[in-house]
Amino acid sequence: MLKKLLLHTRRSIRIITLILLSILIIIGLVILFYRPTYKVYINGEQVGYTENKSKLQSKINDYIENGDSENVAYVQIDSLPEYEMCLLKKGETANDDEIFEKVKSQGTPYYRYYAILENQEEKMYVSNFTEAETVVNSLKEKESNNIDNITIAEKYDTELKDFISTEEAVAKLYVEKPKPVEVKVASTSSSSSGYVNTATTISGGKASLGISLIRPVSGVITSRFAASSRIRSSAHTGLDIATSTGTPIKAAASGTVSFSGTKGSYGKLVVINHTNGVQTYYGHCSKLYVSAGQKVSQGETIAAVGSTGNSTGPHLHLEIRINGVAYNPQNYLY
Ligand SMILES: [Zn+2]
């Protein structure tokens with residue numbers, strides 16, 4: 001009884017061993033002739049096989065994120081491939097490159113580039129932000145008159161625009177600042193000729209003029225003779241009388257205009273020579289109505305009040321000089 005059982009067990013073991021061996025041989029044959037592979041489908045249609053699914057997928061993902069040229073921002077792909085595990089017979093080949101090209105042909109690339117706008121209107125396009133910035137900075141450096149209306153916009157589009165070089169863009173957009181127009185009034189003769197004594201020689205004394213003066217304008221005295229100021233580096237050689245721009249300035253006495261034009265910190269200036277070496281100066285004018293060499297009578301309008309030159313508001317800077325030395329106008333007027 002025991003012998004029979006032992007014999008039976010031994011036979012069973014032999015059978016089990018045989019079965020296991022056959023399974024191993026089958027697996028070996030499968031490995032020898034087949035490789036684990038994925039069937040790839042796009043839109044339900046089989047397009048090929050891949051033996052390296054993750055490599056193909058990361059190649060496709062990289063293409064979606066970056067495209068294949070500098071200006072592609074991303075690629076939109078409507079139907080991504082689907083994978084199904086299968087066994088590829090030896091002799092059949094994986095075609096990853098072909099599958100990738102099929103995916104690419106279905107993609108829509110979105111391009112990124114930069115528009116340069118003037119008054120919100122797209123004027124031209126450049127490839128990248130650095131170039132756009134270069135254009136704007138160059139225009140700023142050249143003090144282009146339209147710089148406040150120039151802006152940059154990032155664009156995404158399925159079509160790529162024609163790009164312009166930064167030099168060409170600057171040349172096309174640059175607008176020269178208009179030069180201030182010199183307004184010549186009344187006289188046509190050379191008004192800026194003549195010598196002006198601008199020395200700051202002043203006297204605290206009260207010399208006799210030998211002539212009588214009238215007030216050229218009426219207004220508020222804002223800075224007295226010899227006063228110091230933060231906008232002035234030396235003592236004040238005259239008297240400041242503030243009044244509105246355009247107020248007529250009258251000749252303090254009759255005489256001959258020795259200067260009418262622009263002179264440094266005086267701005268638009270008229271100087272009249274009177275008798276006895278007396279001169280009167282009228283500075284910061286907005287308009288000049290007389291020219292050098294012209295004879296004027298007392299009370300005649302010679303200029304208009306302004307704020308030209310070193311001035312912070314409309315006023316007349318009145319000077320009275322005797323032989324070039326400035327005296328306090330308040331000794332004689334105001
Ligand atoms: Zn002054």
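# Exposure, cores and strand pairing in a predicted model

Trainee: Is N323 buried or exposed?

Mentor: A residue is buried if 20 or more other C-beta atoms lie within 10 Å of its own, exposed if 12 or fewer, and partly exposed in between, with C-beta atoms placed from the backbone. N323 has 11 other C-beta atoms within 10 Å, and therefore counts as exposed.

Trainee: What is the mean pLDDT of the protein?

Mentor: This is a predicted model, in which local features need pLDDT of at least 70 and side-chain atom pairs count only at pLDDT 80 or more, while totals for chains, interfaces and linings use all residues. Residues are numbered from 1 along each chain as its sequence is written. The term pLDDT denotes the predictor's confidence in each residue, from 0 to 100. In the protein, 92% of residues reach 70 or more, and the mean is 86.

Trainee: Over which residues does pLDDT stay under 50?

Mentor: Where pLDDT is low, the predicted coordinates should not be read in detail. That caution applies to a stretch for which the model has 12 contacts beyond four places in sequence, a contact being two C-beta atoms, placed from the backbone, within 7 Å. The stretch with pLDDT under 50 is residues 181–191.

Trainee: How many residues of α1 are buried?

Mentor: Helices (H or I, at least four residues) and strands (E, at least two) are DSSP runs, numbered from the N terminus. Helix α1 covers residues 2–33, and its end C-alpha atoms are 47 Å apart, in agreement with the 46 Å its 32 residues should span at 1.5 Å a residue; the expected span is 1.5 Å times one less than the number of residues. Helix α1 lies largely in the open, because the number of its residues that are buried is 0.

Trainee: How far apart do the C-alpha centres of domain 1 and domain 3 lie?

Mentor: The protein is divided into domain 1 (35–105), domain 2 (111–173) and domain 3 (220–331), with bounds that come from an automatic or database domain assignment. Between the C-alpha centres of domain 1 and domain 3, the distance is 88 Å.

Trainee: Which strand supplies the largest share of the largest nonpolar core?

Mentor: A nonpolar core is a set of buried Ala, Val, Leu, Ile, Met, Phe, Trp, Tyr and Cys residues joined through C-beta atoms within 7 Å. The largest has 27 residues, and those with the most contacts inside it include I249, L269 and C285. At least two residues each come from β9 (239–242), β11 (255–262), β12 (268–273), β13 (278–285), β16 (301–304) and β17 (315–322). The largest share, 4 residues, is that of β12.

Trainee: How many residues has the second, separate core?

Mentor: This core includes I116, Y125, V135 and L139. The number of residues in it is 12.

Trainee: Which are the edge strands of the open sheet with the order β10-β16-β14?

Mentor: Two strands pair if DSSP finds at least two bridges between them. Strands β10 and β16 pair in the antiparallel sense over 3 bridges, with A304 as the bridge partner of P248. Strand β14 (residues 287–288) also pairs with β16 in the antiparallel sense, over 2 bridges, and L288 has A303 as its bridge partner. Two strands in this sheet pair on one side only, and these edge strands are β10 and β14.

Trainee: Which residue in the turn of the hairpin of β5 and β6 has a positive phi?

Mentor: Strand β5 (residues 107–118) is joined to β3 by 5 antiparallel bridges and to strand β7 (residues 150–157) by 8 bridges in the antiparallel sense. A further 5 bridges join β5 to strand β6 (residues 121–126), also antiparallel, and Y114 has V126 as its bridge partner. The hairpin has 2 residues between its strands, and the residue in the turn with a positive phi of about 50 degrees is N119.

Trainee: Where does N323 lie?

Mentor: Most residues other than glycine have a negative phi, and most peptide bonds are trans. N323 has a positive phi of about 50 degrees although it is not a glycine. The location of N323 is the loop between β17 and β18 (325–327).

Trainee: How many other C-beta atoms are within 10 Å of Y334?

Mentor: Y334 lies in the segment after β18, and its phi is positive, near 60 degrees, in a residue other than glycine. Y334 is partly exposed, because the number of other C-beta atoms within 10 Å is 14.
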